[in-house]
Amino acid sequence: MSNYHAMEPGTFTDDQGAVHAMVPSSVVAAVPEARAAAERFGQEVRFDFLDDSAVQWMLFQRREDTEKGSILGCLLALPVFVFGVGAWPFWDLVASQKSRQFQIAFIAVDAVIVCAAVLAVVLVRRRSLLDPVVRNVRCRARLYRKIVGIARKGGAEIPNMYPYYGMYISSRKFFPEAPERPSPEREESP
């Protein structure tokens, strides 16, 4: 969380690590439909989508969550690629020339390895996937993206890809009883 204070006010980092300027809330609020959506969604998820510092903190948390997931995604990609995609050339070059018992054993072992890799990542990510604090951040990020889309369609000067990240599919439910993750305090230098 120490990187949060290293960011310039009004900037955030996207999924690829590029730093972008945030669209000020005044631009979003200038479109009446977007302002109404921000207020309505804000009441639903207890968040002020028209507060630039709150949105910057939410986007920072969203980036941290995505970064943790992408590390595990890379770890999953290697065994899935080797044993999933790599199984086809192995089958064509080696297994198709072997006995039926070898072919059955190859398919069974390959399927077990791929399933075990997927299961391992799900079990490792399970805690964060079920964490209501993290899920609330995802829910708010999903709604922020929706609000910005409404503002863009309403004529606001917002870049096409802003806020430069994809959708969360597991972000539908908001947990009002979950605690808020406090913004880290800026360390005072002596």
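These legends accompany several close-up views of a predicted model.

**View 1. How confident the prediction is along the chain.** Let's start with the confidence scores of this predicted model. The protein chain has a mean pLDDT of 84, and 91% of its residues reach 70 or more. Helix α2 (residues 32-45) has the highest confidence, with a mean of 96. The lowest is found in helix α3 (residues 52-85), where the mean is 82.

**View 2. Helix α5 from end to end, with its kink.** Helix α5 covers residues 100-130, which makes 31 residues. At 1.5 Å a residue, a span of 45 Å is expected, and the end C-alpha atoms are 43 Å apart, so the two values agree. Look for V124 as you follow the helix: a kink of about 40° is centred there. The buried residues of α5 are Q103, F106, D110, A117, V121 and R125, so you will find charged side chains as well as nonpolar ones to look up in this view.

**View 3. A salt bridge within helix α2.** R35 and E39 pair here, and their closest N and O atoms are 3.4 Å apart. Both residues belong to helix α2 and sit four residues apart, about one turn of the helix. An α-helix has 3.6 residues a turn, so residues three or four places apart point the same way. R35 has a relative accessible area of 37%, and is therefore partly exposed. E39 is also partly exposed, because its relative accessibility is 40%. By the rule used here, the model holds three salt bridges in total; the other views of such pairs follow below.

**View 4. A buried salt bridge between helices α3 and α6.** The side chains of D65 and R138 form a salt bridge, at 2.7 Å from N to O. This pair links distant parts of the chain, with D65 in helix α3 and R138 in helix α6, 73 residues apart. Are these two partners buried or exposed? D65 counts as buried because its relative accessibility is 9%, under the 20% cut-off. R138 is buried as well, at 1%.

**View 5. A salt bridge from helix α6 to the segment after it.** E180 and R140 meet through their side chains in a salt bridge of 2.8 Å, N to O. The two residues are 40 apart in the chain and link distant parts of it: R140 lies in helix α6, E180 in the segment after α6. R140 is buried, with a relative accessibility of 5%, whereas E180, at 49%, is partly exposed.

**View 6. A nonpolar patch on the surface.** Which residues make the nonpolar surface patch of about 480 Å²? They are L78, F81, V82, F83 and V85. L78 is part of helix α3, and its relative accessibility of 57% is over the 50% cut-off, so L78 counts as exposed.

**View 7. Two pairs of residues from separate parts of the chain.** S183 belongs to the segment after α6 and is partly exposed, at a relative accessible area of 34%. S183 and W57 are 126 residues apart along the chain, and their C-alpha atoms are separated by 6.9 Å. The second pair starts from G73 in helix α3, which is partly exposed at 33%. G73 and V118 are 45 residues apart along the chain, with 9.7 Å between their C-alpha atoms.

Note on methods: Residues are numbered from 1 along each chain as its sequence is written. This is a predicted model: local features need pLDDT of at least 70, side-chain atom pairs count only at pLDDT 80 or more; totals for chains, interfaces and linings use all residues. Side-chain values use heavy atoms; hydrogens and water are left out. pLDDT is the predictor's confidence in each residue, from 0 to 100. The expected span of a helix is 1.5 Å times one less than its number of residues. The bend at a residue is the angle between axes fitted to the seven residues ending there and the seven starting there. Buried means under 20% relative accessible area, exposed over 50%, partly exposed in between (1.4 Å probe, protein chains only). Patches are made of residues with over 30% relative accessible area and no salt bridge: like charges are joined within 9 Å, nonpolar side chains (Val, Leu, Ile, Met, Phe, Trp, Tyr) within 5 Å. Accessible areas come from the Shrake-Rupley method with a 1.4 Å probe; for residues, only the protein chains shown count as cover. A salt bridge is a side-chain nitrogen of Lys or Arg within 4 Å of a carboxyl oxygen of Asp or Glu.
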